[in-house]
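Here are my notes on the model you sent over. I've kept them short and numbered so you can follow along with the structure open.

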Amino acid sequence: MQKATVVVIGGGATGVGILRDLCMRGVDAILIEQQDLAYGTSSRYHGLLHSGGRYAVKDAEAGKECIEENTILRKIGRHCVEQTEGFFARTHLDDEDFEGKWVEACAKVGIPTIPISVEEARRLEPNLSAKIKSVYRVPDAAIDGFRMVWQNVASARKYGGRVMTYTTVVGIEHSNNQVVGMKVRNTLTGEISNIACDFIVSAAGSWAGEIAALAGITVNVQPDRGTLIAFNHRIASRIINRLRPASDGDIFVPHGSITILGTTSASVNKPDDTIPNAKEVVELLNIGEALFEDLRSYRMLRAFAGTRPLYSADPNAKGRGASRGFVTLDHAHDGLKGFVSVVGGKFTTYRLMAEKVTDLVCNYLNVKTPCRTALEDLVDDASPALMAKARLYFPAYGAELAASRLGSEGLEKVIDRMQAKPEKRQLLCECENVTMAEVEEAAADSTSFMISDVRRKTRMGMGTCQGAFCTFRSVGAVDANGLSWGKDTNVLFKEFLQGRWKGIRPILWGNVMREMELTRGIYEGTLNINGAIDDEGK
Amino acid sequence: MMRENDIIVIGGGLAGLTAAAVAAKRGKKVMVLSLGAGTLTIGGGIVDVIGYLEGNKPVATPSAGLLQLPAEHPYKKIGRPAIEDAIKFFKEICEEEGYPYMGNLDTMQWVPTAAGTIKPTCLIPKTMNTEELQKANKVIVLGFESLKDFYPQLITKNFKKISRFKDKEYETVMIDPNLAEGRDVTALDVARWLDTEEGISECITKMRKVIQPGSVVIIPPVLGTRPNYRIADRLEQALQCHFIETASVPPSITGLRLRTMMVSYLKKIGVRIVEQATVAKSIVEADKCVAVVTEGIDRERTYYAKSFILANGGFYGGGLLAEPGKVIEPIFNLPVEAPEDHEMWANYSLFSNEAQPFAKLGLEVDEKMRPLDADGKVILNNVFVAGRNLRGYDYSFEKSGNGVAIASGYQAAMSV
């Protein structure tokens with residue numbers, strides 16, 4: 001039986017943030033995640049590191065938290081953050097009166113807003129609509145959700161943190177109103193086991209209500225679904241927010257060579273209701289055209305959807321009416337000691353949420369070590385010597401990219417693989433510049449069980465061709481290394497391509513349709529990974 | 001002034017090239033307007049006719065499959081006799097060009113793929129013949145160092161799960177082609193290496209060290225880029241082994257050979273091929289097309305002909321354009337019926353026992369391959385449609401791509 005002082009439920013930003021914080025303070029902790037790390041909400045959003053401008057008017061507290069955390073994450077998570085800055089742009093369709101209110105609200109909570117002329121804004125961002133009325137600069141940034149989660153785990157592991165993926169909670173065990181452990185199920189094998197612990201922290205986001213229910217406790221989390229579009233272009237180099245009260249399709253976020261537009265908002269019954277549809281995509285395009293008139297001429301990569309965990313003490317509050325702030329619920333008040341849920345909040349404030357929860361847990365455990373998560377970098381920078389070495393092995397642009405992705409320690413391991421076998425230097429995924437060695441390293445991690453898990457760690461398969469070429473290579477490569485995790489390789493092919501298909505299906509027109517004919521031609525037409533192979537033909 | 005053609009074929013894939021060959025053999029003056037290499041260099045080395053029916057049911061032979069297709073399927077319009085003639089015609093071209101294909105409608109050929117699966121097909125180059133493989137007790141799968149598109153163990157491991165191949169002994173071996181260290185290597189690089197005298201000699205030397213005479217050897221499709229069996233014969237003689245190429249991911253060397261062969265044949269019989277020709281629009285008078293207009297970086301060009309064969313490859317080739325809830329045929333503005341609700345276009349599963357609805361979208365035609373309107377009336381009397389633009393079939397699901405291309409290209413050219 002596994003043992004830990006604390007078990008953290010949920011491998012999103014909040015969960016890994018708590019794991020890191022606990023471990024840095026010397027608390028023995030395990031994190032369990034029902035799927036893969038960052039599988040849920042932490043990878044299903046626009047990747048905006050908020051300045052707080054979006055919330056300042058309606059939720060001053062959230063705005064203030066954002067600008068403070070934004071400043072911290074730029075520093076400790078600089079390999080996950082691209083400091084793009086952001087614009088708030090009011091279009092001809094938006095209320096002029098709101099502008100004044102917004103400037104005032106930002107000033108109140110310490111978010112700098114610098115007005116610039118429309119001409120200057122369009123000089124900096126030439127694709128912006130000519131109909132823009134006014135523009136302000138704010139310290140927004142782009143943040144890679146996958147990488148942020150993964151680097152938190154890397155940091156936690158240095159302090160002894162353990163992670164179990166594809167593990168779901170099936171029971172919370174208690175004795176005399178005190179948590180003593182939990183029953184978990186391995187979702188891949190179905191195997192049930194126990195983890196003994198003194199404390200459980202639920203950071204399950206949209207699933208927090210379901211977890212609390214296992215202990216007979218009610219937590220009102222309303223999953224609110226948001227659909228987003230990823231474009232295969234950097235439409236703007238800055239984050240572009242629409243200057244109006246928060247609504248659908250308001251935010252464009254550049255990430256490397258792509259741009260994400262989001263989001264819609266709709267209450268849903270299930271936290272895993274994440275299949276986007278064509279109607280939502282068309283709606284987003286219609287709205288987005290107010291900021292970028294030629295939006296429809298940009299090629300889309302995929303659409304995706306996630307659920308926000310909106311918390312409300314009042315179960316009737318929904319959608320954008322519910323607070324984006326977060327709450328720590330100590331279930332001792334519900335009669336069960338050693339069980340805490342953290343609900344609500346947003347990616348930008350994950351570290352702060354983790355700090356608050358960890359303070360509470362440490363108080364119970366009588367641990368006096370203060371929080372240091374705001375002071376220490378998530379991963380170490382690669383030394384100049386290591387970078388010089390990396391440049392010998394990686395393709396030109398790939399060395400910096402890989403160093404940023406992997407951190408110093410990971411980079412060293414990948415270079416070792418390349419030294420041992422020069423052919424591992426080849427790009428397995430040309431779209432995202434991912435080498436064979438990196439894929440092998442990610443595949444060998446104890447949290448990898450499928451090609452999609454490798455994708456989330458490396459970005460392979462996330463570029464223009466959406467897996468048309470690298471699916472075959474990644475299956476071949478992991479299988480060649482004896483890492484197919486006991487699965488039939490056809491299962492690996494199908495699982496990965498189905499994951500890509502989920503985001504392609506709602507945008508199946510134009511060049512995307514073309515790409516799909518190619519992908520199906522390869523995997524279905526040529527490789528027949530789908531066809532029933534009854535070779536007698538009966 | 002452009003010379004007057006009898007027939008202009010729009011599209012340089014297998015459907016267009018076949019149509020051009022048939023028309024030219026019938027004494028017509030033919031021109032092909034081709035945008036690029038078509039899908040031939042992506043996966044086109046083998047001719048699938050029909051492998052699966054709805055429900056993912058495998059058919060015993062292509063012949064048996066043809067009988068079971070629904071009325072909307074292009075094969076049903078073309079009819080069995082024309083399909084047979086088309087295949088005969090294609091095989092004659094292959095013979096004449098010195099690159100004969102094997103197979104017929106009454107035999108299903110199961111060829112090995114690079115994923116370690118097998119796929120049902122109809123016509124294959126002889127380097128994909130599996131007779132020796134079925135007889136062999138021991139099979140060697142040979143890979144090339146640095147070739148990131150071929151993984152020998154994927155084949156050996158999965159072949160052990162296929163009933164007809166499971167009771168054999170498998171061994172994987174690697175050869176180093178010594179192509180620039182660290183550089184990305186494709187099957188095309190290896191095939192070009194074997195095209196050279198130094199390359200093939202070096203390869204033979206290296207193979208001798210790892211394979212015994214009398215072996216059956218599965219390899220990626222690298223046996224030369226030219227449409228002949230010179231490289232295969234040379235290796236087989238030198239090593240006294242039998243080599244079998246797999247169906248593989250792009251770039252498809254077998255497809256490249258097929259295209260090179262077709263183009264060579266067309267040139268011999270006087271067909272003019274215009275490359276990089278993007279046909280933008282047509283000039284139509286009453287129920288006839290008079291000319292098509294290409295656009296280039298320099299200027300527009302008008303090409304006149306008595307008849308036109310539209311074979312520009314459906315959604316992939318640009319013959320059909322998809323928009324939300326709508327499909328456009330851009331050259332003649334021919335009607336395409338498609339569900340307005342875009343959600344109806346595709347299944348939630350990418351690979352399942354169902355064909356994809358979007359893959360079946362396309363142009364409705366009559367028996368002569370002439371485009372029809374919603375009332376079933378012929379729209380343009382001298383325009384014929386072939387290949388992927390046709391509605392009613394999902395080539396990748398049912399494994400019928402090149403078969404429909406050849407049969408419909410043949411039928412279109414015979415109808416002119």
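1. Contact here means heavy atoms within 4.5 Å. On that basis, the contact between the two chains takes 63 residues from chain B and 55 residues from chain A. Keep in mind that this is a predicted model.

2. How much area is buried between chain B and chain A? About 5,300 Å², with carbon and sulfur atoms giving 57% of that. On the chain B side, the residues losing the most area to chain A are Y316(B), L350(B) and F351(B), which together make up 15% of what that side buries.

3. There's plenty of polar pairing to look at too. The rule finds 7 salt bridges across the interface of chain B and chain A. R505(A) forms a salt bridge with E343(B), and their closest N and O atoms are 3.1 Å apart. Polar contacts across the interface come to 34 residue pairs, both residues being at pLDDT 80 or more.

4. Which elements of chain B supply at least two residues each to the side that touches chain A? They are the helices α2 (40-43), α7 (152-159), α12 (314-317) and α13 (395-398), plus the strands β7 (118-121) and β17 (321-323). Of these, α7(B) gives the most, with 4 residues. Sorted by class, that side of chain B has 31 nonpolar, 16 polar and 16 charged residues.

5. Now to helix α5 of chain A, residues 145-158. With 14 residues at 1.5 Å a residue, α5 should span 20 Å, and its end C-alpha atoms are 20 Å apart, so the two agree. Most of α5(A) is covered, with 11 of its 14 residues buried; among them are F146(A), M148(A) and W150(A), but also R147(A), Q151(A) and N152(A).

6. Both ends of α5(A) deserve a look. At the N-terminal end, D144(A) acts as a cap, with a side-chain oxygen 3.1 Å from the backbone nitrogen of F146(A). Just after the helix, G160(A) takes a positive phi of about 95 degrees.

7. Last one: is N70(A) buried or exposed? This residue sits in helix α2 (residues 60-76) of chain A. Its relative accessibility is 1%, and the cut-off for buried is under 20%, so N70(A) counts as buried. The N70(A) side chain makes a polar contact of 2.5 Å with the side chain of R74(A). Leaving out residues up to four places away in sequence, N70(A) touches L49(A), H50(A), S51(A), P139(A), D140(A) and T348(A).

Notes:
Residues are numbered from 1 along each chain as its sequence is written. Chains are lettered from A and ligands numbered from 1 in the order in which they are written. This is a predicted model: local features need pLDDT of at least 70, side-chain atom pairs count only at pLDDT 80 or more; totals for chains, interfaces and linings use all residues. Side-chain values use heavy atoms; hydrogens and water are left out. The expected span of a helix is 1.5 Å times one less than its number of residues. Buried means under 20% relative accessible area, exposed over 50%, partly exposed in between (1.4 Å probe, protein chains only). A polar contact is a pair of N or O atoms within 3.5 Å; within protein, one must be able to donate a hydrogen and the other to accept it, and residues adjacent in sequence count only if both atoms are side-chain atoms. Buried area is the accessible area (1.4 Å probe) that two parts lose on being put together, summed over both. A salt bridge is a side-chain nitrogen of Lys or Arg within 4 Å of a carboxyl oxygen of Asp or Glu. Ala, Val, Leu, Ile, Met, Phe, Trp, Tyr, Cys and Pro count as nonpolar, Asp, Glu, Lys and Arg as charged, and the others, Gly among them, as polar.
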